[in-house]
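Please open the model in a viewer and keep the sequence panel visible. The tour below proceeds by selection, with a remark on what is to be found at each stop.

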Amino acid sequence: MKNRNLSERTSQFLKFQRFQEIGILVILLALSIFLSIATPTFLTSTNIFNILRAFSWIAISAFGISMVIITGGIDLSVGSVMALSGLITAMMLRANLGDFLSILGGLLVGAFVGFINGFLVSKTNLPPFIATLGTMNIARGFCYGLTGGWPVRELPRSFIFWGQYDIPFFGIGIPLPVVVMIIIGILTSLFLNRTSWGYKIYAVGGNEQAARLSGINTGRIKLLVYTLCGFLTAIGGLLMTARLGVAAPTAAQGYELDVIAAAVIGGVSLSGGEGTILGVLIGAAIMQVLRTGMVLLGFPAYWQPSAIGTIIILAIIFDQYRKRRLGLMK
């Protein structure tokens, strides 16, 4: 009887999650249709690919932070990690260390900061908000301290290629960062849904104590997800730097808000235990379409953060409402 009830609740939960993904996809389509009618330039191929390219590095970082949030944590350092990874890579390139070593250096720095976050959360029991707030400021401080506040310019074409190259496909050019985003999204989704590590991540977020009692090393899971978050964020930072062609210490400031918002709008519950990579991808797309739409509609730039903040609050209210509905179903 208990197994049947559990099976029914699981089935209801999966149906609800699928309904949520369809719901945010409908919101994205409705927003796109409205902007297509309201502005003459939204539906042009140039604008569509610019939107795809612009949210690709946000989405890649959001894939990483979604795993952290699923375990019940948060990572405020992603914006600073994105800037620091790009900056380290750029400085190594300028020191003529070669593309491979420079890119590897940037990725390792991102993974290292993520590892430190995971260590502070899992081994010293610091609240994730406090731990990652500290590393956010430390990483940003390194960005300013290493450069004296000056951007690193004149990066080699072989590196800029990763952010600016378009892959020819039936007469159109698909931005390389978009292809990287899709590949990483598929791999992350397979990791979460087809491996025992993925199941453990959901288990830790769903009920940490129960997960621990069932033999799951919750500390190791947290260490893993924060490290993966740092690594994926570093990939996003490198693509962003390659696209801009310059590594600035002020780069990606405030991006932590966008990355968290993309995950939350995409259905990742801040209470942990819920969320899909497809939802996160759609959430990141909604963020960028909204941002581009506000520009095309002439919405004052100074008010855009307020609009984004309002959307985040609405997404969290919806998440809480959904939680209450699930509670009633139980």
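## Stop 1: Leu-192 and Thr-188

Begin by selecting Leu-192, which lies in helix H7. The model is a predicted one. Leu-192 has a relative accessible area of 2% and is therefore buried, the cut-off being under 20%. Display its surroundings next: apart from residues up to four places away in sequence, Leu-192 touches Met-67, Ile-70, Gly-198, Tyr-199, Ile-201, Tyr-202 and Ile-277. Add Gly-275 to the selection; its C-alpha atom is separated from that of Leu-192 by 9.9 Å, although the two residues are 83 apart along the chain.

Now select Thr-188, which also has its place in H7 (residues 176-194). An α-helix has 3.6 residues a turn, so residues three or four places apart point the same way. Which residues does Thr-188 contact, leaving aside neighbours within four places in sequence? They are Phe-63, Met-67, Leu-232 and Ile-277. Met-67 and Ile-277 also appear among the residues that Leu-192 touches. Thr-188 is buried, with a relative accessible area of 7%.

## Stop 2: Helix H12

From Ile-277, proceed to helix H12 by selecting residues 277-296. The 20 residues of H12 should span 28 Å at 1.5 Å a residue, and the end C-alpha atoms are 29 Å apart, which agrees. Colouring by accessibility shows a mostly covered helix, with 15 of the 20 residues of H12 buried.

Inspect both ends of H12. At the N-terminal end, Thr-276 acts as a cap, with a side-chain oxygen 3.1 Å from the backbone nitrogen of Gly-279. After the helix comes Gly-298, where phi is positive, near 80°.

## Stop 3: Asn-47

Select Asn-47 in helix H2 (residues 45-70). Is this residue buried or exposed? Asn-47 is buried, its relative accessible area being 13%. The side chain of Asn-47 reaches the backbone oxygen of Phe-42 at a distance of 2.8 Å. Beyond four places in sequence, Asn-47 touches Thr-41, Phe-42, Thr-292 and Leu-296.

## Stop 4: Helix H3

Select residues 78-94, which form helix H3. The 17 residues of H3 reach 24 Å from the first C-alpha to the last, close to the 24 Å expected at 1.5 Å a residue. H3 is mostly covered, since 15 of its 17 residues are buried. Extend the selection to Asn-96, which follows H3 and has a positive phi near 60°.

## Stop 5: The hairpin

Select strands E1 (residues 166-169) and E2 (residues 172-175), which run antiparallel and are joined by four bridges. Pro-168 has Gly-173 in E2 as its bridge partner. The two strands form a hairpin with two residues between them, and Phe-170 in the turn has a positive phi of about 50°.

## Stop 6: The whole chain

Finally, clear the selection and view the chain in full, with its 13 helices and two strands. The C-alpha trace spans about 65 × 50 × 40 Å along its principal axes. A compact globule of 330 residues would have a radius of gyration near 20 Å, and the chain, at 20 Å, agrees. Buried residues account for 49% of the 330. Of the contacts between residues at least 6 apart in sequence, 77% join residues at least 24 apart. The accessible surface comes to about 16,200 Å², and 69% of this belongs to carbon and sulfur atoms.

Definitions and conventions:
Residues numbered from 1 in each chain as written. Predicted model: local features only at pLDDT ≥ 70, side-chain atom pairs only at ≥ 80, totals over all residues. Heavy atoms only, no water. Pairing = 2+ DSSP bridges. Expected span 1.5 Å × (residues − 1). Buried < 20%, exposed > 50% of the residue type's maximum accessible area, 1.4 Å probe, protein only. Polar contact = N/O pair within 3.5 Å; in protein donor to acceptor, adjacent residues only side chain to side chain. Rg over C-alpha atoms; globule rule 2.2 N^0.38 Å. Contact = heavy atoms within 4.5 Å. Areas by Shrake-Rupley, 256 points an atom, 1.4 Å probe, with all protein chains shown as cover.
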